[in-house]
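Trainee: I would like to learn how to read a protein model, one feature at a time. Could we go through one together?
Mentor: Yes; here is the model.

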Amino acid sequence: MHLASAAIRFTPRLTLAACLAALLTACGGDDGDAAGSTPYAIGGTVAGLAEGAALVLSNNGGDALRVTANGAFTFAQPASGYRIEVATQPSGQNCTVANGSGTAAAPVTDVQVSCAAGDGGGGTGPVITAGIPGILGEWQQGTCVAAGPGRWARNYLRPVQVNETTIAHVQGLRLFADSQCAGAASVLGGTAMGQVTFSRSESNASVAANWGTFKQITGLASQAIWAKRGENTLCLLGDENPSILPTLARVAAALETLPASACYTRL
(Lines give C-alpha, C1' and ligand atoms only; values in the text may rest on other atoms or scores of the structure.)
Protein backbone atom coordinates (compact mmCIF):
# COMPACT_ATOMS: atom_id res chain seq x y z
CA MET A 1 0.00 0.00 0.00
CA HIS A 2 1.45 3.40 -1.06
CA LEU A 3 1.11 6.22 1.46
CA ALA A 4 1.65 9.73 0.09
CA SER A 5 1.90 12.87 2.17
CA ALA A 6 -0.78 14.65 0.12
CA ALA A 7 -3.42 11.95 0.21
CA ILE A 8 -3.96 8.47 1.50
CA ARG A 9 -5.81 5.97 -0.65
CA PHE A 10 -7.51 3.08 1.10
CA THR A 11 -7.68 0.16 -1.30
CA PRO A 12 -9.02 -3.29 -0.38
CA ARG A 13 -6.43 -5.97 -1.05
CA LEU A 14 -8.44 -7.64 -3.81
CA THR A 15 -6.25 -6.96 -6.83
CA LEU A 16 -3.17 -8.69 -5.43
CA ALA A 17 -5.22 -11.60 -4.19
CA ALA A 18 -6.98 -11.89 -7.55
CA CYS A 19 -3.61 -12.16 -9.29
CA LEU A 20 -2.45 -14.82 -6.83
CA ALA A 21 -5.66 -16.77 -7.24
CA ALA A 22 -5.49 -16.52 -11.04
CA LEU A 23 -1.83 -17.56 -10.96
CA LEU A 24 -2.71 -20.55 -8.83
CA THR A 25 -5.37 -21.56 -11.32
CA ALA A 26 -3.10 -21.00 -14.29
CA CYS A 27 -0.35 -23.09 -12.77
CA GLY A 28 -2.64 -25.85 -11.59
CA GLY A 29 -2.04 -28.13 -14.52
CA ASP A 30 -4.91 -30.62 -14.62
CA ASP A 31 -7.71 -28.08 -14.79
CA GLY A 32 -9.42 -28.97 -18.04
CA ASP A 33 -9.18 -30.56 -21.43
CA ALA A 34 -6.09 -29.70 -23.41
CA ALA A 35 -6.53 -28.85 -27.08
CA GLY A 36 -6.72 -32.02 -29.18
CA SER A 37 -7.12 -34.35 -26.20
CA THR A 38 -9.94 -36.87 -25.87
CA PRO A 39 -12.25 -36.49 -22.85
CA TYR A 40 -13.37 -39.64 -21.03
CA ALA A 41 -15.91 -40.39 -18.34
CA ILE A 42 -14.46 -39.77 -14.84
CA GLY A 43 -15.70 -41.72 -11.84
CA GLY A 44 -15.01 -44.18 -9.08
CA THR A 45 -16.59 -45.50 -5.91
CA VAL A 46 -17.66 -44.14 -2.52
CA ALA A 47 -17.39 -46.29 0.60
CA GLY A 48 -18.22 -45.67 4.25
CA LEU A 49 -20.82 -42.94 3.69
CA ALA A 50 -23.37 -43.07 6.51
CA GLU A 51 -27.02 -43.74 5.72
CA GLY A 52 -28.86 -40.49 5.07
CA ALA A 53 -25.63 -38.51 4.68
CA ALA A 54 -24.47 -36.66 1.58
CA LEU A 55 -21.21 -35.27 0.24
CA VAL A 56 -20.34 -33.14 -2.76
CA LEU A 57 -17.44 -33.99 -5.06
CA SER A 58 -15.88 -31.68 -7.63
CA ASN A 59 -13.70 -32.29 -10.66
CA ASN A 60 -11.16 -29.64 -11.70
CA GLY A 61 -12.83 -27.18 -9.34
CA GLY A 62 -16.28 -27.57 -10.92
CA ASP A 63 -18.80 -30.15 -12.20
CA ALA A 64 -20.19 -30.57 -8.68
CA LEU A 65 -21.62 -34.03 -7.98
CA ARG A 66 -23.79 -34.72 -4.93
CA VAL A 67 -23.44 -38.27 -3.66
CA THR A 68 -25.99 -39.73 -1.23
CA ALA A 69 -25.11 -43.44 -1.26
CA ASN A 70 -22.13 -45.77 -1.35
CA GLY A 71 -21.16 -47.32 -4.65
CA ALA A 72 -20.17 -46.12 -8.10
CA PHE A 73 -20.31 -42.51 -9.24
CA THR A 74 -19.58 -40.72 -12.53
CA PHE A 75 -19.23 -37.00 -13.16
CA ALA A 76 -21.58 -35.44 -15.69
CA GLN A 77 -18.79 -33.90 -17.75
CA PRO A 78 -16.12 -36.09 -19.39
CA ALA A 79 -12.55 -34.80 -19.06
CA SER A 80 -9.02 -35.62 -20.16
CA GLY A 81 -7.26 -34.21 -17.10
CA TYR A 82 -8.98 -34.67 -13.75
CA ARG A 83 -8.56 -33.61 -10.13
CA ILE A 84 -11.23 -34.91 -7.75
CA GLU A 85 -11.80 -33.13 -4.42
CA VAL A 86 -14.38 -33.26 -1.65
CA ALA A 87 -16.16 -29.92 -1.99
CA THR A 88 -18.54 -30.48 0.93
CA GLN A 89 -18.06 -33.03 3.68
CA PRO A 90 -21.01 -35.04 5.05
CA SER A 91 -22.26 -34.09 8.49
CA GLY A 92 -20.39 -36.02 11.18
CA GLN A 93 -17.94 -37.61 8.74
CA ASN A 94 -14.68 -36.86 6.96
CA CYS A 95 -14.09 -38.23 3.46
CA THR A 96 -10.77 -38.54 1.65
CA VAL A 97 -9.92 -39.16 -2.00
CA ALA A 98 -7.39 -41.67 -3.38
CA ASN A 99 -6.32 -41.93 -7.03
CA GLY A 100 -7.95 -38.55 -7.43
CA SER A 101 -5.90 -36.88 -10.16
CA GLY A 102 -4.27 -37.72 -13.45
CA THR A 103 -4.66 -37.73 -17.23
CA ALA A 104 -7.29 -40.04 -18.66
CA ALA A 105 -6.37 -42.40 -21.53
CA ALA A 106 -9.61 -44.35 -21.09
CA PRO A 107 -12.73 -44.07 -18.89
CA VAL A 108 -11.61 -43.59 -15.27
CA THR A 109 -13.27 -45.83 -12.66
CA ASP A 110 -10.63 -46.18 -9.92
CA VAL A 111 -11.10 -42.94 -7.94
CA GLN A 112 -11.74 -44.04 -4.35
CA VAL A 113 -13.62 -41.89 -1.85
CA SER A 114 -13.51 -43.24 1.71
CA CYS A 115 -15.61 -41.79 4.54
CA ALA A 116 -15.26 -42.30 8.28
CA ALA A 117 -16.58 -40.74 11.47
CA GLY A 118 -15.25 -37.22 12.04
CA ASP A 119 -16.19 -33.62 12.62
CA GLY A 120 -17.77 -33.16 9.21
CA GLY A 121 -15.22 -30.49 8.40
CA GLY A 122 -12.45 -32.46 6.74
CA GLY A 123 -10.13 -31.91 9.65
CA THR A 124 -9.85 -32.31 13.39
CA GLY A 125 -11.19 -29.89 15.94
CA PRO A 126 -14.16 -27.52 15.87
CA VAL A 127 -15.46 -26.13 12.58
CA ILE A 128 -14.48 -22.49 11.99
CA THR A 129 -17.29 -19.94 12.12
CA ALA A 130 -18.48 -19.06 8.61
CA GLY A 131 -20.85 -16.37 7.39
CA ILE A 132 -21.10 -12.77 8.55
CA PRO A 133 -20.92 -13.64 12.28
CA GLY A 134 -17.42 -15.02 11.71
CA ILE A 135 -16.00 -11.83 10.16
CA LEU A 136 -17.54 -9.04 12.24
CA GLY A 137 -15.21 -7.05 14.48
CA GLU A 138 -11.97 -5.14 13.98
CA TRP A 139 -9.01 -6.45 11.99
CA GLN A 140 -5.45 -5.29 11.39
CA GLN A 141 -3.25 -6.21 8.43
CA GLY A 142 0.22 -7.59 9.04
CA THR A 143 2.21 -5.24 6.78
CA CYS A 144 3.74 -2.23 8.56
CA VAL A 145 4.69 0.74 6.34
CA ALA A 146 6.01 4.26 6.83
CA ALA A 147 3.19 6.85 6.89
CA GLY A 148 5.11 10.10 7.25
CA PRO A 149 7.68 11.52 9.66
CA GLY A 150 7.64 9.55 12.89
CA ARG A 151 4.55 7.55 11.90
CA TRP A 152 3.98 4.01 10.68
CA ALA A 153 0.74 2.32 9.74
CA ARG A 154 -1.13 -0.90 9.19
CA ASN A 155 -4.36 -1.33 7.20
CA TYR A 156 -7.44 -1.41 9.41
CA LEU A 157 -10.64 -3.26 8.49
CA ARG A 158 -14.03 -3.20 10.21
CA PRO A 159 -16.91 -5.08 8.53
CA VAL A 160 -20.30 -3.68 9.57
CA GLN A 161 -23.40 -5.82 9.09
CA VAL A 162 -26.08 -4.26 6.86
CA ASN A 163 -28.50 -7.19 6.67
CA GLU A 164 -28.45 -10.99 6.74
CA THR A 165 -26.26 -11.27 3.62
CA THR A 166 -24.47 -7.91 3.31
CA ILE A 167 -21.69 -6.05 5.11
CA ALA A 168 -20.25 -2.58 4.68
CA HIS A 169 -16.51 -2.74 3.92
CA VAL A 170 -15.07 -0.08 6.25
CA GLN A 171 -11.32 0.44 5.90
CA GLY A 172 -8.74 2.85 7.29
CA LEU A 173 -5.31 2.93 8.91
CA ARG A 174 -4.00 2.26 12.40
CA LEU A 175 -1.19 4.75 13.04
CA PHE A 176 1.76 3.96 15.31
CA ALA A 177 4.71 5.91 16.69
CA ASP A 178 6.75 2.69 16.68
CA SER A 179 8.56 1.61 13.49
CA GLN A 180 7.44 -1.99 14.08
CA CYS A 181 3.79 -0.90 14.39
CA ALA A 182 3.71 -2.03 18.01
CA GLY A 183 2.13 -0.43 21.05
CA ALA A 184 -0.66 2.13 21.15
CA ALA A 185 -2.35 3.12 17.89
CA SER A 186 -4.96 5.56 16.62
CA VAL A 187 -7.38 4.93 13.75
CA LEU A 188 -7.27 7.23 10.74
CA GLY A 189 -10.14 7.13 8.28
CA GLY A 190 -12.54 4.29 8.80
CA THR A 191 -14.12 4.96 5.40
CA ALA A 192 -16.85 2.80 3.84
CA MET A 193 -15.32 1.49 0.62
CA GLY A 194 -18.52 -0.24 -0.50
CA GLN A 195 -20.61 -3.27 0.37
CA VAL A 196 -20.08 -7.01 0.05
CA THR A 197 -23.13 -9.24 -0.48
CA PHE A 198 -22.40 -12.89 0.22
CA SER A 199 -24.12 -15.66 -1.73
CA ARG A 200 -22.77 -18.69 0.15
CA SER A 201 -20.46 -19.72 2.99
CA GLU A 202 -18.66 -22.97 3.87
CA SER A 203 -16.19 -24.01 6.54
CA ASN A 204 -14.28 -26.90 8.03
CA ALA A 205 -11.82 -27.25 10.88
CA SER A 206 -9.08 -25.38 8.96
CA VAL A 207 -10.70 -22.82 6.65
CA ALA A 208 -13.90 -20.80 6.30
CA ALA A 209 -14.88 -19.09 3.04
CA ASN A 210 -17.58 -16.59 2.13
CA TRP A 211 -18.22 -16.01 -1.59
CA GLY A 212 -19.81 -12.71 -2.61
CA THR A 213 -19.95 -9.57 -4.76
CA PHE A 214 -18.06 -6.43 -3.72
CA LYS A 215 -19.80 -3.26 -4.95
CA GLN A 216 -17.61 -0.22 -4.48
CA ILE A 217 -18.98 3.24 -3.71
CA THR A 218 -17.96 4.17 -7.27
CA GLY A 219 -20.45 1.62 -8.61
CA LEU A 220 -17.84 -0.85 -9.82
CA ALA A 221 -18.56 -4.48 -8.86
CA SER A 222 -16.28 -7.50 -8.60
CA GLN A 223 -16.36 -10.95 -7.08
CA ALA A 224 -14.63 -11.52 -3.76
CA ILE A 225 -13.99 -14.26 -1.21
CA TRP A 226 -13.53 -13.42 2.46
CA ALA A 227 -11.69 -16.41 3.85
CA LYS A 228 -10.44 -17.24 7.33
CA ARG A 229 -7.53 -19.38 8.48
CA GLY A 230 -8.70 -20.19 11.97
CA GLU A 231 -10.95 -17.81 13.87
CA ASN A 232 -8.49 -14.90 14.02
CA THR A 233 -6.95 -14.57 10.54
CA LEU A 234 -8.92 -13.05 7.65
CA CYS A 235 -7.73 -12.92 4.04
CA LEU A 236 -9.47 -11.13 1.14
CA LEU A 237 -9.29 -12.92 -2.20
CA GLY A 238 -10.34 -11.65 -5.59
CA ASP A 239 -12.59 -13.92 -7.65
CA GLU A 240 -14.45 -14.09 -10.96
CA ASN A 241 -17.88 -15.12 -12.22
CA PRO A 242 -18.03 -18.08 -12.47
CA SER A 243 -15.72 -18.56 -9.51
CA ILE A 244 -12.10 -19.57 -10.11
CA LEU A 245 -12.05 -20.87 -6.52
CA PRO A 246 -15.43 -22.62 -6.32
CA THR A 247 -14.66 -25.08 -3.53
CA LEU A 248 -13.35 -24.85 -0.01
CA ALA A 249 -10.36 -26.96 -1.03
CA ARG A 250 -9.43 -24.50 -3.79
CA VAL A 251 -9.76 -21.55 -1.41
CA ALA A 252 -7.50 -23.33 1.09
CA ALA A 253 -4.90 -23.88 -1.65
CA ALA A 254 -5.05 -20.18 -2.63
CA LEU A 255 -4.53 -19.14 0.99
CA GLU A 256 -1.32 -21.15 1.05
CA THR A 257 0.12 -18.77 -1.59
CA LEU A 258 -0.52 -15.67 0.52
CA PRO A 259 2.11 -14.39 2.95
CA ALA A 260 0.82 -13.91 6.47
CA SER A 261 1.43 -10.16 6.19
CA ALA A 262 -1.17 -9.89 3.40
CA CYS A 263 -3.96 -11.08 5.72
CA TYR A 264 -5.66 -9.46 8.69
CA THR A 265 -5.49 -10.43 12.36
CA ARG A 266 -8.44 -9.93 14.68
CA LEU A 267 -7.91 -7.16 17.23
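Trainee: Which residue stands opposite glutamine 195 in strand 14?
Mentor: To read a pairing, pick a residue in one strand and look across to its partner. In this predicted model, glutamine 195 faces lysine 215 of strand 14.

Trainee: In which sense do strand 13 and strand 14 run, and how many bridges join them?
Mentor: They run antiparallel and are joined by 9 bridges. The connection between strand 13 and strand 14 is a hairpin through 3 residues.

Trainee: Which sense applies to strand 12 and strand 13?
Mentor: That pair is antiparallel too, over 10 bridges. For one position in it, take histidine 169, whose bridge partner in strand 13 is glycine 194.

Trainee: Strand 14 came up above. What can be said about a single residue there, such as asparagine 210?
Mentor: Start with its place, then its cover, then its neighbours. Asparagine 210 lies in strand 14, residues 207-216.

Trainee: Is asparagine 210 buried or exposed?
Mentor: Compare its relative accessibility with the cut-off: under 20% is called buried. Asparagine 210 is at 1%, so it counts as buried. Its side chain makes a polar contact of 2.7 Å with the side chain of serine 201. Beyond four places in sequence, the residues in contact with asparagine 210 include Ala130, Phe198, Arg200 and Trp226.

Trainee: How do I read a sheet as a whole?
Mentor: Write down the order of the strands, then the sense of pairing, then the edges. One open sheet here has 4 strands in the order 4-1-8-6, with mixed pairing. Its edges are strand 4 (71-74) and strand 6, each of which pairs on one side only. From one strand to the next, the twist averages 30°.

Trainee: Which pairing sense is found between strand 1 and strand 8?
Mentor: Strand 1 and strand 8 are parallel, over 5 bridges. Within that pairing, alanine 47 has serine 114 of strand 8 as its bridge partner.

Trainee: What is the pairing in the open sheet with the order 3-2-5-7?
Mentor: Those 4 strands have antiparallel pairing. The edge strands are strand 3 and strand 7, each pairing on one side only. Direction ignored, neighbouring strands of this sheet are turned by 25° against each other on average. Inside the sheet, 4 bridges join strand 2 to strand 5, and serine 58 stands opposite glutamate 85 of strand 5.

Trainee: How do I find a core?
Mentor: In soluble globular proteins, nonpolar side chains tend to be buried together. The largest nonpolar core in this chain has 20 residues, and Ile42, Val46, Leu55, Leu57, Phe73 and Val113 touch the most other members. At least two core residues come from each of strand 1 (42-47), strand 2 (55-59), strand 3 (62-67), strand 5 (81-88) and strand 8 (108-117). Strand 8 gives the largest share, 4 residues. Another core lies apart from this one and has 15 residues, including Cys235, Leu237, Leu245 and Cys263.

Trainee: Which residues does valine 46 contact?
Mentor: With neighbours within four places left aside, its contacts include Leu55, Val67, Phe73, Val113 and Cys115.

Trainee: How do I read backbone angles in loops?
Mentor: Look for a residue other than glycine with positive phi. Asparagine 99 is such a case, with phi near 55°, in the loop between strand 6 (93-98) and strand 7 (101-103). Cysteine 181 also has phi near 55°, and is found in the loop between strand 12 (166-176) and strand 13 (185-203).

Trainee: How are asparagine 99 and cysteine 181 covered?
Mentor: Asparagine 99 has a relative accessible area of 41%, so it is partly exposed. Cysteine 181 has 5%, so it is buried.

Trainee: Which peptide bond is cis, with omega near 5°?
Mentor: The bond from asparagine 241 to proline 242. Proline 242 sits in the loop between strand 16 (233-239) and helix 2 (248-255).

Trainee: How many helices and strands does the chain have?
Mentor: There are 2 helices and 17 strands. Of the 267 residues in the chain, 42% are buried.

Terms used: Residues numbered from 1 in each chain as written. Predicted model: local features only at pLDDT ≥ 70, side-chain atom pairs only at ≥ 80, totals over all residues. Heavy atoms only, no water. Buried < 20%, exposed > 50% of the residue type's maximum accessible area, 1.4 Å probe, protein only. Core = buried A, V, L, I, M, F, W, Y, C linked by side-chain atoms within 4.5 Å. Contact = heavy atoms within 4.5 Å. Polar contact = N/O pair within 3.5 Å; in protein donor to acceptor, adjacent residues only side chain to side chain. Pairing = 2+ DSSP bridges. Axes fitted to C-alpha atoms, helices over the stretch in contact; angles between N-to-C directions.
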